[in-house]
Amino acid sequence: MKAKYLERLRKKLEEFQTYPSEINEIIKDYDQLYDDALASGRTHEEVYQSLGEPEHVAYELIDTIRIKQKKYKRNKIIALMPFISVMVFMGVGLTTDIWHPTWMVFLLIPVVSIVLTTRIKDMIVALMPFVSVVLFILLGEFYDLWVPGWLVFLSIPVVAILLHDRTVKGMANLVAIGLAI
């Protein structure tokens, strides 16, 4: 009965295209759970009922497995970003001799991490300093607007207030920023 239970669980997990190492770990855990329940004096039927239908167990576990797989892929991309940034920087610099503002490609390292690990509302606020720096440098470098270009940095608190602080105090802060401009 135990072997039949574990085999049904294995087949269902394989249908979900789960990694073999994940499947083996799950089967090992459920094998131990089954043995512990039998050792405590339960019958095979009671153990089967307490663990649940193998198909149902697989459906419950698959969400956790997919979350792990997504995190693994995200972490790989985040870990590769410094290498990718150096390659892009060197490639553009060596082929076009444009080192400035190509160095801004290194801003992709924290930006990619923010994009892959935060919620959208928080992501927008977290990305605003990077967007402001890039806009400021591009405005200054290509249009010689260094002096009025600093105003892009005011977008950082404005966006944060608009997305996170919808109180009277937050709106008063927006009015103060507007008056300062």
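**Reading a predicted model**

Modeller: We may begin with D97, which is exposed, its relative accessible area being 60%. Please keep in mind throughout that this is a predicted model.

Biologist: Where is D97 found, and what is the sign of its phi?

Modeller: D97 is in the loop between helix 4 and helix 5. Its phi is positive, about 60°, although D97 is not a glycine. D144 also has a positive phi, near 55°, and is a residue other than glycine. D144 belongs to the loop between helix 6 (120-143) and helix 7 (146-149). At a relative accessible area of 60%, D144 counts as exposed, because exposed means over 50%.

Biologist: Which residues are joined by a cis peptide bond?

Modeller: H100 and P101 are joined in this way, with omega at about 10°. P101 is located in the loop between helix 4 and helix 5.

Biologist: How is the packing of two helices to be described?

Modeller: Two packed helices are described by the angle between their axes and by the distance between those axes. In this structure, the axes of helix 1 (residues 2-15) and helix 2 (residues 20-39) come within 10 Å and cross at roughly 155°. Helix 1 is therefore roughly antiparallel to helix 2, since angles over 145 degrees are placed in that class.

Biologist: Is the crossing of helix 1 and helix 2 left-handed or right-handed?

Modeller: The crossing of these two helices is right-handed.

Biologist: How is a salt bridge recognised, and how many salt bridges are there?

Modeller: The rule asks for a side-chain nitrogen of Lys or Arg within 4 Å of a carboxyl oxygen of Asp or Glu. By this rule the count comes to six salt bridges. One of them is between the side chains of R8 and E53, at 3.0 Å from N to O. R8 lies in helix 1 and E53 in the loop between helix 3 (44-51) and helix 4, so this pair ties together parts that are 45 residues apart in sequence. R8 is partly exposed, with a relative accessible area of 29%, and E53 is partly exposed at 39%.

Biologist: Which residue forms a salt bridge with R8 at 2.7 Å?

Modeller: That residue is E55, the value of 2.7 Å being the separation of the closest N and O atoms. E55 lies in helix 4 and R8 in helix 1, so the pair ties together parts that are 47 residues apart in sequence. E55 counts as partly exposed at 25% relative accessibility.

Biologist: How far apart in helix 1 are K12 and E15?

Modeller: K12 and E15 are three residues apart in helix 1, which means that about one helical turn separates them. Their side chains meet in a salt bridge at 3.1 Å, N to O. K12 is buried, with a relative accessible area of 14%, whereas E15 counts as exposed at 56%. Elsewhere, salt bridges that share partners join K2, D31 and D35 into one network.

Biologist: Which residues form a nonpolar patch on the surface?

Modeller: The patch consists of L80, F83, I84, M87, V88, V92 and I98, which together have about 610 Å² of accessible area. F83 lies in helix 4 (residues 54-96) and counts as exposed at 54% relative accessibility.

Biologist: What separation do the C-alpha atoms of T64 and T167 have?

Modeller: These atoms are separated by 38 Å, the two residues being 103 residues apart along the chain. T64 is in helix 4 and counts as partly exposed at 43% relative accessibility.

Technical notes:
Residues numbered from 1 in each chain as written. Predicted model: local features only at pLDDT ≥ 70, side-chain atom pairs only at ≥ 80, totals over all residues. Heavy atoms only, no water. Patch = residues over 30% accessible without salt bridge, like charges linked within 9 Å, V, L, I, M, F, W, Y side chains within 5 Å. Areas by Shrake-Rupley, 256 points an atom, 1.4 Å probe, with all protein chains shown as cover. Helix = DSSP H or I, 4+ residues; strand = E, 2+ residues; numbered from the N terminus. Buried < 20%, exposed > 50% of the residue type's maximum accessible area, 1.4 Å probe, protein only. Axes fitted to C-alpha atoms, helices over the stretch in contact; angles between N-to-C directions. Parallel < 35°, antiparallel > 145°, perpendicular 65-115°, else oblique. Left-handed = near helix turned anticlockwise from the far one by under 90°.
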